Structure formats: C-alpha cells, structure tokens
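Visitor: I've got a new model on my screen and I'd like to learn how to read its packing. Could you walk me through it?

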Amino acid sequence: MNMGWTLAARQGARLLGQGALVAGAVGVLSFAMTRALPGDAAYRIAAGRYGYDMVDTAAADAVRSELGLDRSAAEQLLAWLGDLAHLRLGQSMVSGDPVLEEIAHQLGHTLQLSLVAWLAAMVLGLLLGTWAALQGRHWSTRWIDPACTVLRASPAFLLGVVLMLGLGVHLGWLPVAGHGEPVHLVLPGLALALTLLPGMTQVVRTRLQQVLRSDAFEFAQTKGLPLPAALWRHAAAPLALGTLAYAGMQLVLLVEGVVVIESLVAWPGIGHALVHAVISRDVPMIQGTALAMGLLFVLLNGVMDAAVQWLDPRLREPAGRSAA
C-alpha cells in the first residue's frame, strides 16, 4: 500500500474516532444540561404541542407517561445511547417526527448559509488583506485596522441587529427575515462573514508581507517579472495554506454564529431548531441537533486538514523523516 493510501486510511480512522468521541460527549452533556434546567420538562413539552393556554396538570402527566419521562435519568440516557448505536436519533417529543428527518431538512439550510458566509469572508479577507499588504502604510489602508478591531469586538448578535436595522429597516435594501429566495441569504450571510473577516484579513496581510520581504520575490521583481505574475508564483501557495488553516480554526466561531444568526432572522437551520428545542425541552431534538453540529465540525475540520496536507507535501511526511 503506498503512502497516499496509508495516510488516507490513517486520517479516516482518526475522523471516525473523533466522531465517536464527539457523539458520546455531546449526547451525554446535552442530556445532563437539559436535565439541569429548572421547570417541569413534561409541562414544557405539552405547551409546545398544545399551547400554553391549553396545558394543565393532566396534560403534563399524560405527556410524561407517553414519553417515559417518569423513568430514571440513567434509563433515559442508556436508551438514547442504545438508539444512537443503531444510528437512530429517536423522535421529537413535540412534533412526533423522526429527529433524523428533521435534521436532514435543517442541515441543508445551515450548510447553504455557512457556505455563503465562508466564501464571502474568504473573498473580502483576500481583497482587504492583499490591499493592506501591497499598500503598506498608505493613507487608504488606515481604516482597515480600526474597522477590524470593531468587528472583532462585536458579537454576531450585535452585527446581525445592526445590519437588520441599517440595510433592512431604514434603507429597505434587504429582507430582515425569511427564506426561499437568494436575497434572503445576503443579510445573514454578511453578518456571519463579518465575524470571520478580521482574522482572515490579518492572516492574508501577514502572509503576503512575509512573501513580499522574501529573497525569492525580490529576485523575481529584479528580473522584471510583473507584479501579478510574481504574486501568483510566490504568494498563491502560502496564502492558500494560511487561509485554509485559519478557516479550519474558525469553524467553532462559525458554528456559534450560525446558532445566533439563524435564530435572529428565523432561518430554518439547525441552530434555529436547537434554540427552539431548548425552549420546549425537546431532549431528542437537542441531542440530535447538537450531535449533528459536533459531527459537522469534525468532518469540516478533517477536510481542512486534508486540503492543507495536499497543498503542502511536507506535512504528509512522517514526523521522524521530516525532522531529519
């Protein structure tokens, strides 16, 4: 078996191990946190089904008996882990629909929004970082650092509200909520992209400044190679490695932002479903959505690692050989 297949098999085994660890940890933690919430879970679930005005003690007791909430916590958790071992996530306690079907529907919306935000952050970060590195201390770049500082200090919720008020309410350029049309992606995608933009801009600028100061780039300029050609030959690979590695580290920030922004604009994704499941104490949906987000993070992180290793062959070498 050649080295490429050996490396792929090793990474696949590592991803499976991480996925199993994440599945167990997320399931147990989300179950424990749901049990620790104050209030009667059966009453909340009954309210989610029938409305708060229609709920009384008899309805809550009926829900408790139907869903087995009167069993011990250990029995409920073991039952969920047993279903998970058979790739079953149970049924929603509120809607009664299979959790797997609901997550499959919501996951597409979340991936769509995340991809738009990630691409927007990549494009804007490359443009701003490249401009800042090439122009140096020129007056036209002096606004970039203060703007990045403000964006880095602003939570996703605040950025979303500002964009909704500015672009949606006052200017009327974009819808503040809804889904189904491409225009509905612009505002939440931009809000998420702005949370990733400061770091992306800084990575691109730092990497490009290192390239501009390198002997190879100065020699290329001395030979008369045009700037675009010199940048493509000497800066494309370092920039791709830097931005991909940084994007992998920022997946946690993107997942956190998705939960906030989807809830803010009523986007029908996993983050929105997770918030509603917490409010209604729908334990299978909480465990299922948290599990899907955790496994998605592991998968995307593995894809980023594979892309970085594909771009930099030195990372595919065994540790002992690369050290030698």
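Visitor: Let's start with one residue: is Leu296 buried or exposed?

Guide: Quick caveat before that: this is a predicted model, where local features need pLDDT of at least 70, side-chain atom pairs count only at pLDDT 80 or more, and totals for chains, interfaces and linings use all residues. Residues are numbered from 1 along each chain as its sequence is written, and side-chain values use heavy atoms, leaving out hydrogens and water. Buried means under 20% relative accessible area, exposed over 50%, partly exposed in between (1.4 Å probe, protein chains only). Leu296 has 19%, so it's buried.

Visitor: Which residues is Leu296 in contact with?

Guide: Contact means heavy atoms within 4.5 Å. Setting aside neighbours within four places in sequence, Leu296 meets Leu107 and Leu111.

Visitor: And how do I read a nonpolar core?

Guide: In soluble globular proteins, nonpolar side chains tend to be buried together. A core here is a set of buried Ala, Val, Leu, Ile, Met, Phe, Trp, Tyr and Cys residues joined through side-chain atoms within 4.5 Å. The largest one has 27 residues, and Leu163, Leu187, Leu192 and Leu194 touch the most other members.

Visitor: Which helix gives the most to this core?

Guide: Helices are DSSP runs (H or I, at least four residues), numbered from the N terminus. H8 leads, with seven residues. Leu194 touches Leu151, Leu159 and Leu163, not counting residues up to four places away in sequence. There's also a second, separate core of 16 residues, including Leu84 and Ile286.

Note on methods:
Helix = DSSP H or I, 4+ residues; strand = E, 2+ residues; numbered from the N terminus.
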